[in-house]
Amino acid sequence: MSQITYAELTQKLQDWLEDDDAEFVGAIDDIINLGEMRLWRDLDLSIFTSEDTVATVIGQETVTKPTTDPQLVTWQSIYYDTLAPSRTYLELRSTDFVRDHQTIGATAPPKYYAETNETDWLLSPIPDAIYTLNARGVTRPTRLSGAQTTTWLSTHQDDMLFKACLAEAEAFLKSDDRVAIWEEMYVNALPMAKRETYELLNQRYNLTPLEVPGVPTTQR
């Protein structure tokens, strides 16, 4: 298989499973979504990123996280610029560490942050000025649909996407024996898919073996 479109994938699922029942057809979008999420997590596609900014408040120990990306999974890094070319990356620490590092009544340029809750970051030192924090995080990729006919996964990992969707489809149809078949095919093909994705997204700067997470050295 090469690149697969939304229409092609929906038709192939019906053809391979020989099922055009209205209930199954109506569930295909959810099945594709589940297959995409499985493959996205297994490949650890941190190339899909979201960037946003938020300003600190002088003397306030917390700052509200940006909320403009509803598909955001996790934040990866936070930094702020001062006098060019100075750039400070905040270091992630536990809430207790950041609390202990703070000095009551003292303010200074922040060095650490903690994920104190779903909406706020806790900073230390407490900001002595207004700093524009630049936050970069991992977000979920655009999902395949009638409006989005191709995606990164359907273009670069179409065969793996198909296997993942087949496994999810068989689970929907409660075909336990068939689920095991496609699960095994998917799992067996995953190490090579990880390697292909890694090599596609990263430049080789030397000839040493690639350290690919989850891929044994013998398969590199």
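This text follows the aromatic rings of a predicted model and the arginines placed over two of them.

Across the whole structure, a search finds nine aromatic pairs. One of them joins W16 and W182, whose ring centres are 5.9 Å apart with 55° between the planes, a tilted arrangement. W16 belongs to helix α1 (residues 6-17) and W182 to helix α6 (residues 176-201), so this contact ties together parts that are 166 residues apart in sequence. The two tryptophans can also be described by their accessibility. W16 has a relative accessible area of 51% and is exposed, whereas W182, at 8%, is buried. The pair is also part of a wider group, as W16, F162 and W182 form one aromatic cluster.

A further pair consists of F97 and Y112. Their ring centres lie 5.1 Å apart and their planes meet at 80°; because an angle over 60 degrees counts as edge-to-face, the pair is assigned to that class. F97 lies in helix α3 (residues 95-101) and Y112 in strand β6 (residues 112-115), so here a helix and a strand are tied together by residues 15 apart in sequence. F97 is partly exposed, with a relative accessible area of 34%, while Y112 is buried at 12%.

F97 also has a charged neighbour: R93 lies over the face of its ring, at 5.4 Å from the ring centre. An arginine is placed over a tyrosine as well, with R38 over the face of Y186, at 5.4 Å from the ring centre.

Terms used
Residues are numbered from 1 along each chain as its sequence is written. This is a predicted model: local features need pLDDT of at least 70, side-chain atom pairs count only at pLDDT 80 or more; totals for chains, interfaces and linings use all residues. Side-chain values use heavy atoms; hydrogens and water are left out. Rings of Phe, Tyr and Trp (its six-membered ring) pair if their centres lie within 6.5 Å; planes under 30 degrees apart count as stacked, over 60 as edge-to-face and the rest as tilted. Helices (H or I, at least four residues) and strands (E, at least two) are DSSP runs, numbered from the N terminus. Buried means under 20% relative accessible area, exposed over 50%, partly exposed in between (1.4 Å probe, protein chains only). A charge sits over a ring if NZ of Lys or CZ of Arg is within 6 Å of the ring centre and within 35 degrees of the ring normal.
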